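Let's take a friendly walk through this protein, starting with one residue and working outwards. Have the model open beside you as you read.

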Amino acid sequence: MAKRKNLSNSDITYKMLVDAGYSLDSEGRVLGKRGQLLKPSYVAGNYRSISLGFGDLGLCTGFRYHRAVWMLDNQQDIPAGHQIDHINRVPYDNRPENLQL
């Protein structure tokens, strides 16, 4: 069995999310590999985080929810050196229309 490693948020790519079966529902919420709604937990500063697993790679990580929503909605990676901004400044409002690069 492969040893599980942790990834940083900047290590996760759009392709990794899609290849692992993650997606968005019609309301912009992150769905897991089996189509189930992923329930985020709160981390520092009222941001939300979700646990992502990449079993075929032997990798797992906690990932900021807004980053997953933006990447899946825009179908691209977050460019190096950029962050995702909550337009209304509410860190737990992760609707796609409230997120900008």
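## Starting from tyrosine 22

Leaving aside its neighbours within four places in sequence, which residues is tyrosine 22 in contact with? Taking contact as heavy atoms within 4.5 Å, tyrosine 22 touches Leu17, Leu31, Gly32, Lys33, Leu38, Ser51, Leu52, Gly53, Phe54 and Leu72.

A word on the model: it is predicted, with local features needing pLDDT of at least 70 and side-chain atom pairs counting only at pLDDT 80 or more, while totals for chains, interfaces and linings use all residues. Residues are numbered from 1 along each chain as its sequence is written, and side-chain values use heavy atoms, leaving out hydrogens and water.

## Overall fold

The protein has two helices and eight strands (DSSP runs numbered from the N terminus: helices are H or I of at least four residues, strands are E of at least two). Along the sequence they follow the pattern β-α-β-β-β-β-β-α-β-β. Of the 101 residues, 38% count as buried, meaning under 20% relative accessible area with a 1.4 Å probe and protein chains only.

## The nonpolar core

The largest nonpolar core (buried Ala, Val, Leu, Ile, Met, Phe, Trp, Tyr and Cys residues joined through side-chain atoms within 4.5 Å) has 20 residues, and Tyr22 is among those with the most contacts inside it, along with Leu17, Val30, Ile50, Leu52, Phe54 and Phe63. Two or more residues each come from α1 (14-19), β5 (48-54) and α2 (65-74). The largest share, six residues, belongs to α2.

Eight of the 10 residues of α2 are buried, so this helix is largely enclosed by the rest of the structure. Among them are Trp70, Met71 and Leu72. Just after α2, glutamine 75 takes a positive phi of about 55°.

## Strand β5 and its hairpin

Strand β5 is also largely enclosed by the rest of the structure, because five of its seven residues are buried. Two bridges join β5 to β4 (residues 41-42), and the two strands run antiparallel; strands pair if DSSP finds at least two bridges between them. Serine 41 stands opposite serine 49 in β5. The two strands form a hairpin with five residues between them, and glycine 45 in the turn has a positive phi of about 75°.

Key. Buried means under 20% relative accessible area, exposed over 50%, partly exposed in between (1.4 Å probe, protein chains only).
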